[in-house]
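Biologist: I should like a close look at the salt bridges in this model, with attention to how far each partner is covered. Please then place them beside the nonpolar parts of the structure.

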Amino acid sequence: MTQLIIMRDKIVRIMREYETWFLIAAKFIGMLFVFLYVNSALGYFDILNNTMTNVLLALICSIIPGSLSVFIVAAVIVVHMFNLSIVLALLTLVVIIILYLMFLRFAPNQTFVLLAVPVLMQWNLHYLIPVVAGVFFTPYAVVPAIAGVFMVKFLGYTTAAVSITGEGAAFDPEAIMNALNTIISQVTADKEIWIYAIVAAVTIAVIFIIRQFSFDYVWYVSIGVGAVVEVMAALICGSVLSAELSFPAVIGGALLGLIIAAILQFMDCAVDYSQKEYLQFEDDKYYYYVKAIPKLESDSFSQPVQSKSEPVQPLKALKEALAQKTAKQPKEANQNPQSVQPVESDQVTNKTIVFEKQAQEVKDIIQKQREQAQESKQEKETITSDTDSQEQTFSEDSQKEKNLQEASENENTEQVVKDSEETNETEN
Amino acid sequence: MLNKEKIRWMSRASIYEKHEGRIDLKRNKYFFGDYVRINLLKNLIGLTVAYLLIVGIYAVYHFEEIFMMMANMQAMVLVREMLLIYVLLVIIYTAAGLAYYVWQYQSSHKRVKKYYRILRHIEKFDEADDKVQEEKK
């Protein structure tokens, strides 16, 4: 766990440092996938059905807001359809305008969901969207998710209807009516759209409701329950509507969604529930019940600073001894080629013996270190006692010298007095 | 000398201005009632256009039925039905729009309030700097 948190913090730090570039790169890759999908599904206009054009469009979309990218994708779709059939292109345009005016206008920040659905539908992974969108978007994300599936299906049926309307500028009112009839009946009869709508709505609602609670690990519980509910809802809807659903795709999508959502949640915010605290306080207007959970960060796992007073030598010696032993072991094994390789159980016992020996040696080294330390302490004490005695003797000597000096000085003064008296007597 | 605390407040303000601030400050130029009303009007126009397009597709889809009704002088029945559906849609969209735009404005207003609090902090730092400079003079 500690390693995970440290790794997470490193990744987050790098992401924050190069946030702009990461965003641009992610947008570019995502939009490239979208344009490649549009070209593979439609691809009627040669200039747009070109890798360089797709790269250029993806580059443009990577630096403009997401809501504008949707318009560019819609324009590309309509242009492709115009090359196929003008009537069908007009129908597509009208449907896109209706979708925008009635639903997508309210979800300008959820273009990711709208664009991700068609891309993931290629690999039958679109069932991961409700789990991820439930965690990171508002419940309204269900609308762009359904709109994405609807558009994919609608474009599929519309391109198939070209056999009725005729290609290019062909205009036959009866054929147009027939085509419209076919498209609308096919879209309304497509049970996959209905099942996806119900499953996405239920999953996103369940995740949203669970996330309103405040019990421990609620984020991860909501993701897990959401994935389970998604599979259950798909199973029920599939059996009730008797639709041919790919259940491995549903289960795989839900599982992948669970993993991605859990990883993203962990990267977004990880907290330590064991350190949670409940606080209660009040001000003039309110009484507050606060639940505070500390965030998990690598700083909380940083090793404590070793105090200078701690003995460092035994640890160093231990590490050195272990390193020497590990270095010697293979050498010794090579030097004795006659030694027969023991069976696995013997290897284990041999290893334990080696470890025991190493441990004993390390213990001996530590014991020696301690003895040396004690000896050095004792030596210090003796030195200090010697110095004390020396100081005492020195002080005694100095006292004696002082006394002697004083005595000699007294003698000298007496001598001087005697001399002066003698001189006085001789003068008299 | 650099004032680290002031820089911290200023970075917080500029981060807000860069992200949510762009939209929030635009919204905050309107009064609450004006903002909701303008957006409901836009909503209504959008819905009307979308509804007309849907009616157009429906007309093409059920061309024969409509033609028969018009021939039988039942055009008014059809128009009444269309209007009824339109009014129902308008009521639903207006109610949903009202809730959405009220929530949008209020959440923006909360964020803008916090932003103004940050600006007040920065102002205090500026005043303190001015005082120090005056004392020096």
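Modeller: Asp129(B) is partly exposed in this predicted model, because its relative accessibility is 34%. Its side chain meets that of Lys6(B) in a salt bridge, with 3.9 Å from N to O. Lys6(B), by contrast, counts as buried, because its relative accessibility is 17% and the cut-off for buried is under 20%. The two partners lie in distant parts of the chain: Lys6(B) belongs to helix H1 (residues 4-18) of chain B and Asp129(B) to helix H5 (residues 75-136) of chain B, with their positions 123 residues apart.

The chain around this pair is helical in its assigned elements. Chain B has five helices and zero strands, and its elements run α-α-α-α-α from the N terminus on. Of its contacts between residues at least 6 apart in sequence, 88% join residues at least 24 apart. Of the 137 residues of chain B, 25% count as buried. The accessible surface of chain B comes to about 10,500 Å², and carbon and sulfur atoms account for 66% of that surface.

Over all chains, the structure holds eleven salt bridges. In chain A, Asp216(A) pairs with Lys291(A), and their closest N and O atoms are 3.7 Å apart. This pair also links distant parts of its chain: Asp216(A) is in the loop between helix H11 (191-211) and helix H12 (218-240), whereas Lys291(A) is in strand S2 (residues 287-292), 75 residues apart. Asp216(A) is partly exposed, with a relative accessible area of 26%, and Lys291(A) is likewise partly exposed, at 27% relative accessibility.

Another salt bridge in chain A joins Arg8(A) to Asp9(A), with the closest N and O atoms 2.8 Å apart. Arg8(A) is buried at a relative accessible area of 8%, and Asp9(A) is buried at 10% relative accessibility.

A buried polar residue of chain A can be described beside these charged pairs. Asn39(A), in helix H2 (residues 19-41) of chain A, counts as buried because its relative accessibility is 8%. Its side chain reaches the backbone oxygen of Leu48(A) at 3.1 Å. Beyond its neighbours within four places in sequence, Asn39(A) is in contact with Leu48(A), Asn49(A), Asn54(A) and His80(A).

The nonpolar parts come next. In soluble globular proteins, nonpolar side chains tend to be buried together. The largest nonpolar core here has 89 residues, and those with the most contacts inside it include Phe35(A), Val38(A), Ile129(A) and Tyr196(A). Helix H5 (residues 86-102) of chain A gives the most to this core, with ten residues. A second, separate core has eight residues, among them Trp9(B), Ala13(B), Tyr16(B) and Phe125(B). Returning to the largest core, Ile129(A) has contacts beyond its neighbours within four places in sequence, including Val113(A), Leu120(A), Ala145(A) and Tyr196(A).

Nonpolar side chains also form a patch of about 950 Å² on the surface, with Met1(A), Met7(A), Ile11(A), Trp21(A) and Phe22(A) among its residues. Helices H1 (2-17) and H2 of chain A each supply at least two residues of this patch, and H1(A) gives the largest share, five residues. Met7(A), placed in helix H1 of chain A, is partly exposed, with a relative accessible area of 47%.

Conventions
Residues numbered from 1 in each chain as written. Chains lettered and ligands numbered in written order. Predicted model: local features only at pLDDT ≥ 70, side-chain atom pairs only at ≥ 80, totals over all residues. Heavy atoms only, no water. Core = buried A, V, L, I, M, F, W, Y, C linked by side-chain atoms within 4.5 Å. Buried < 20%, exposed > 50% of the residue type's maximum accessible area, 1.4 Å probe, protein only. Helix = DSSP H or I, 4+ residues; strand = E, 2+ residues; numbered from the N terminus. Contact = heavy atoms within 4.5 Å. Polar contact = N/O pair within 3.5 Å; in protein donor to acceptor, adjacent residues only side chain to side chain. Patch = residues over 30% accessible without salt bridge, like charges linked within 9 Å, V, L, I, M, F, W, Y side chains within 5 Å. Areas by Shrake-Rupley, 256 points an atom, 1.4 Å probe, with all protein chains shown as cover. Salt bridge = Lys/Arg side-chain N within 4 Å of Asp/Glu carboxyl O.
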